[in-house]
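Student: Hi! Could you walk me through this one? I'd like to start with the terms.

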Protein chains: 2
Amino acid sequence: MKAFDTAETSFDSHTHDHRRCVRSALQTAEALCQQHGVRLTALRRRVLELVWTSHCPVGAYDLLEMLSKDQGRVAPPTVYRALEFLLANGLIHRIESRNAFVGCPHPQEAHAGHFLICRVCGAAAELSDPGIEATLDQRAGELGFFVEAKTVELRGLCKGCRARRPDGGEQSA
Amino acid sequence: MKAFDTAETSFDSHTHDHRRCVRSALQTAEALCQQHGVRLTALRRRVLELVWTSHCPVGAYDLLEMLSKDQGRVAPPTVYRALEFLLANGLIHRIESRNAFVGCPHPQEAHAGHFLICRVCGAAAELSDPGIEATLDQRAGELGFFVEAKTVELRGLCKGCRARRPDGGEQSA
DNA sequence: GGCGATAAGTTATACTATAACATTATCACG
DNA sequence: CGTGATAATGTTATAGTATAACTTATCGCC
């Protein structure tokens with residue numbers, strides 16, 4: 001597996017052309033679902049698009065509200081089922097420490113998502129680092145533990161937010 | 001920092017003398033709170049003791065129910081406030097992927113908790129591995145990210161549960 | 001004993017997630 | 001086509017997790 005990260009695009013939401021992210025994500029999703037013989041229905045596609053509105057993890061009830069703007073009234077299971085599908089097919093990741101969801105930028109390759117999450121701008125950047133994987137797997141292995149799923153979430157300040165407010169978000173004195 | 005893990009004691013709840021774990025945790029907590037000039041009140045102490053009933057992460061509402069057995073009726077803020085205190089003082093950890101809490105076996109040293117969580121027996125073992133820390137910090141650092149908090153949770157099968165049911169918990173055929 | 005600060009009690013409510021069952025859409029096959 | 005199996009969505013209700021806001025009690029200190 002090759003190293004991979006999205007810190008540049010994720011923590012730079014203001015300047016990069018985010019529509020490209022979205023378009024690309026949807027295209028990849030279409031192709032991948034086709035290839036796997038699963039159905040990216042209009043609803044699922046729309047939820048994926050909504051998750052991709054930004055690089056910030058978005059909550060299920062936020063999605064619910066956004067969805068309600070299109071369709072009329074929407075109930076929780078609708079969005080949770082779409083999320084379940086997207087998770088199962090690796091198109092999004094769940095951020096456990098926020099109860100929220102974020103688009104996966106490289107769903108082609110099966111992988112656990114490792115995240116840097118900025119507490120100021122809220123963006124989540126995905127890492128995929130063979131070093132991290134290897135270290136974790138090795139340590140678990142030594143203890144006889146068989147790993148099925150990994151959650152790695154680092155919270156703090158991204159480069160940009162650090163530069164803008166070195167104190168980390170307090171009002172400036 | 002030295003390497004550290006609790007896989008033996010955590011994944012071996014049936015055979016080890018768990019009362020010793022509890023007693024030791026409470027003693028350490030007393031000492032530490034004294035030392036830091038914070039108050040381990042009867043309530044907080046009791047909640048810590050309840051969290052330590054086992055090596056399995058326990059939910060806030062489970063604690064609520066247990067507490068109600070002692071005291072009469074107890075409302076959520078009571079237990080959440082105690083948990084908040086215990087978290088702030090490093091006496092317990094929060095397991096994000098379960099919305100649950102587990103006692104910290106070495107609260108003397110400030111550290112992020114890294115966990116192995118068995119999906120069969122439910123126990124959570126804490127790792128503290130300089131290698132993991134270093135790898136994560138380094139990778140974040142390269143991307144200009146300042147890490148304030150880490151969540152590392154590996155879910156799967158512990159050694160014992162693997163031996164008992166290689167399939168991982170399905171009914172045997 | 002009175003005062004300020006910290007902790008706990010109380011009530012209400014917000015947020016997150018799923019169970020269970022009814023209905024509709026899709027697709028393979030005859 | 002039609003029809004029946006399967007998958008997807010709609011609907012209603014409820015379970016599970018967490019916090020806001022305000023009141024009362026307790027502690028430590030002068």
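Tutor: Sure! A polar contact is a pair of N or O atoms within 3.5 Å; within protein, one atom must be able to donate a hydrogen and the other to accept it, and residues adjacent in sequence count only if both atoms are side-chain atoms. With T41(A), for example, an N or O atom of the side chain is 2.6 Å from a phosphate oxygen of DNA strand D.

Student: Before we go on, how was all this worked out?

Tutor: This is a predicted model, where local features need pLDDT of at least 70 and side-chain atom pairs count only at pLDDT 80 or more, while totals for chains, interfaces and linings use all residues. Residues are numbered from 1 along each chain as its sequence is written, chains are lettered from A and ligands numbered from 1 in the order in which they are written, and side-chain values use heavy atoms, with hydrogens and water left out.

Student: Back to strand D. Which residues are closest to it?

Tutor: The closest are T41(A), R81(A), Y61(B), Y80(B) and R94(B), out of 16 residues that surround DNA strand D. A residue counts as near if one of its heavy atoms lies within 4 Å of the strand.

Student: What does Y61(B) approach on DNA strand D?

Tutor: An N or O atom in the side chain of Y61(B) is 2.6 Å from a base nitrogen of DNA strand D. Y80(B) instead has a polar side-chain atom 3.0 Å from a phosphate oxygen of that strand. As for the elements, α3 (42-51) and α5 of chain A and α5 of chain B each give two or more residues to the surface near DNA strand D. Helices (H or I, at least four residues) and strands (E, at least two) are DSSP runs, numbered from the N terminus.

Student: How does the surface near DNA strand D split by class?

Tutor: There are 7 nonpolar, 3 polar and 6 charged residues. Here Ala, Val, Leu, Ile, Met, Phe, Trp, Tyr, Cys and Pro count as nonpolar, Asp, Glu, Lys and Arg as charged, and the others, Gly among them, as polar.

Student: And which residues come nearest to DNA strand C?

Tutor: Those are Y61(A), Y80(A), R94(A), T41(B) and R81(B), of 16 residues around it. The side chain of Y61(A) has an N or O atom 2.6 Å from a base nitrogen of DNA strand C, and T41(B) has one 2.5 Å from a phosphate oxygen. Of the strand C atoms within 4 Å of the protein, 49% belong to sugar or phosphate and the rest to bases. The largest share of this surface, 4 residues, comes from α5(A).

Student: New topic. How many residues of each protein chain are in the contact?

Tutor: Chain A and chain B each put in 38 residues, where contact means heavy atoms within 4.5 Å. The area buried between them is about 3,300 Å², with carbon and sulfur atoms giving 59%. Buried area is the accessible area (1.4 Å probe) that two parts lose on being put together, summed over both.

Student: How many salt bridges cross that interface?

Tutor: The rule finds 6, a salt bridge being a side-chain nitrogen of Lys or Arg within 4 Å of a carboxyl oxygen of Asp or Glu. One example joins E148(B) and R119(A), at 2.7 Å from N to O. On the chain A side, β1 (4-5), β4 (114-118), α6 (130-142), β6 (146-157) and α7 (159-164) each supply at least two residues. The largest share, 12 residues, comes from β6(A).

Student: What does β6(A) pair with across the interface?

Tutor: With β6 (residues 146-157) of chain B: the two run antiparallel and are joined by 11 bridges. Two strands pair if DSSP finds at least two bridges between them. Within this pairing, G156(A) has V147(B) as its bridge partner.

Student: Which sheet do those strands belong to?

Tutor: An open sheet of 8 strands with mixed pairing, in the order β1(A)-β5(A)-β4(A)-β6(A)-β6(B)-β4(B)-β5(B)-β1(B). The edge strands are β1 of chain A and β1 (4-5) of chain B, each pairing on one side only. β1(B) pairs with β5 (residues 124-128) of chain B in the antiparallel sense over 2 bridges, and D5(B) stands opposite L127(B).

Student: Last one: how far apart are the closest N and O atoms of R46(A) and E49(A)?

Tutor: They are 3.3 Å apart, in a salt bridge. The two residues are 3 apart in helix α3 of chain A, so about one helical turn separates them.
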